[in-house]
Amino acid sequence: MPKLLFMVGSLRAASASRAMAKSMAERLENDAEVSFAEIGSLPHYNADTLDDPHVIALIAAIGAADGVVFVTPEYNYSIPGVLKNAIDWASRPAYNSVFLSKPCFAISVSGGALGGVRAQSHLKYMLNGMLALVFPSLEVVVPFANDKTSNGRITDEAVLTFGAARLAEFVAFLRRQAS
């Protein structure tokens, strides 16, 4: 069973991004082993820091995963600083990091009409720059996400069905890669 690491770009417990990640993880429970990266405890990126246990744990979690699923909100037309910080930590050493050829999948969530497409575009650009393997797929975006969230989950069945189908394609790809 493929191992997926979800990396959520929002620290807020009741965020729509976290709701989408949990909803997608639940849909995958029979098809993949899912875990969540905790990025809120990472220090600000500083190349002088070499032995922070939170950084070491994040890099190990990414390395152990068969694929990484990013679920990000859009902040000021891009990804949140906390997610960028996590990516910066894991992107070292340049062009030979844990992200080298790591299959990645992006989902974006927004309270606005565009569903975070600009954040998703920026995220994919960064992942490509680290030589990660960004899974080619129809984009999973969740517009007006705050209106589609209840009790820590996304409630819009069309969004859930579409997102789950795209993630099922990603999981099938990971299975093919493993064989």
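**Note on the predicted model**

1. Phe144 has a relative accessible area of 41%, so Phe144 is classed as partly exposed. Its place is the loop between β6 and β7 (149–150). Phi of Phe144 is positive, about 50°, although the residue is not a glycine. This is worth a second look, because most residues other than glycine have a negative phi. Please keep in mind that the model is predicted.

2. Two further backbone points belong to the loop between α3 and β4. Tyr95 lies in that loop, and its phi is near 65°, again a positive value in a residue other than glycine. Is Tyr95 buried or exposed? Tyr95 counts as exposed, because its relative accessibility is 57% and the cut-off for exposed is over 50%. Pro93 lies in the loop between α3 and β4 as well. The peptide bond that runs from Arg92 to Pro93 is cis, with omega near 0°. For background, most peptide bonds are trans.

3. Now the overall layout. The protein chain contains five helices and eight strands. In sequence order their pattern is β-α-β-α-β-α-β-α-β-β-β-β-α. The radius of gyration is 15 Å, close to the 16 Å that the globule rule gives for 179 residues, so the chain is as compact as a globular protein of that length. Along the principal axes, the C-alpha atoms fill a box of roughly 45 × 40 × 25 Å.

4. On burial and contacts: 49% of the 179 residues count as buried. The chain exposes about 8600 Å², and carbon and sulfur atoms supply 54% of that area. If one takes contacts between residues at least 6 apart in sequence, 79% of them join residues at least 24 apart.

5. The largest nonpolar core has 29 residues, and those touching the most other members are Leu4, Phe6, Met20, Val69, Ile107 and Leu167. Which elements each supply at least two residues of this core? They are β1 (3–8), α1 (16–27), β3 (67–73), β4, β6 and α5 (157–178). Helix α5 gives the largest share, eight residues. Another core lies apart from this one; it has 28 residues, including Ala65, Phe70, Trp89 and Ala132.

6. Phe6 can serve as an example of packing. Leaving out residues up to four places away in sequence, Phe6 touches several residues, among them Ala21, Met24, Leu28, Phe36, Val69, Val71 and Leu167.

7. Helix α3 (residues 81–90) is mostly covered, with seven of its 10 residues buried. Those buried residues are Leu83, Asn85, Ala86, Ile87, Asp88, Trp89 and Ala90. Their cover includes β1, α2 (53–64), β3 and α4.

8. Aromatic rings form seven pairs in the structure. In one of them, Phe105 and Phe135 have ring centres 6.2 Å apart and planes at 35°, so the pair is tilted. The two residues are 30 apart in sequence: Phe105 is in strand β4 (residues 103–109), while Phe135 is in the loop between β5 (133–134) and β6 (140–142). Phe105 counts as buried because its relative accessibility is 3%, and Phe135 is buried too, at 11%. Ring pairs join Phe105, Phe135, Phe170 and Phe173 into a cluster.

9. Two arginines have their charged ends over rings. That of Arg118 sits over the ring of Tyr77, 3.7 Å from the ring centre. That of Arg166 sits over the ring of Phe162, 4.6 Å from the ring centre.

10. Two other charged residues can be set side by side. Lys124 belongs to helix α4 (residues 117–129). Why does Lys124 count as buried? Its relative accessible area is 17%, and buried means under 20%. Apart from residues up to four places away in sequence, Lys124 touches Ala106, Val134 and Glu139.

11. Arg27 lies in helix α1 and is partly exposed, with a relative accessible area of 35%. With neighbours within four places in sequence left aside, Arg27 is in contact with Glu157, Leu160, Thr161 and Ala164. Between the C-alpha atoms of Arg27 and Gly116 there are 22 Å, and these two residues are 89 apart along the chain.

Conventions: Residues numbered from 1 in each chain as written. Predicted model: local features only at pLDDT ≥ 70, side-chain atom pairs only at ≥ 80, totals over all residues. Heavy atoms only, no water. Phe/Tyr/Trp six-rings, centres within 6.5 Å; stacked < 30°, edge-to-face > 60°. Helix = DSSP H or I, 4+ residues; strand = E, 2+ residues; numbered from the N terminus. Buried < 20%, exposed > 50% of the residue type's maximum accessible area, 1.4 Å probe, protein only. Lys NZ or Arg CZ within 6 Å of the ring centre and 35° of its normal. Rg over C-alpha atoms; globule rule 2.2 N^0.38 Å. Contact = heavy atoms within 4.5 Å. Areas by Shrake-Rupley, 256 points an atom, 1.4 Å probe, with all protein chains shown as cover. Core = buried A, V, L, I, M, F, W, Y, C linked by side-chain atoms within 4.5 Å.
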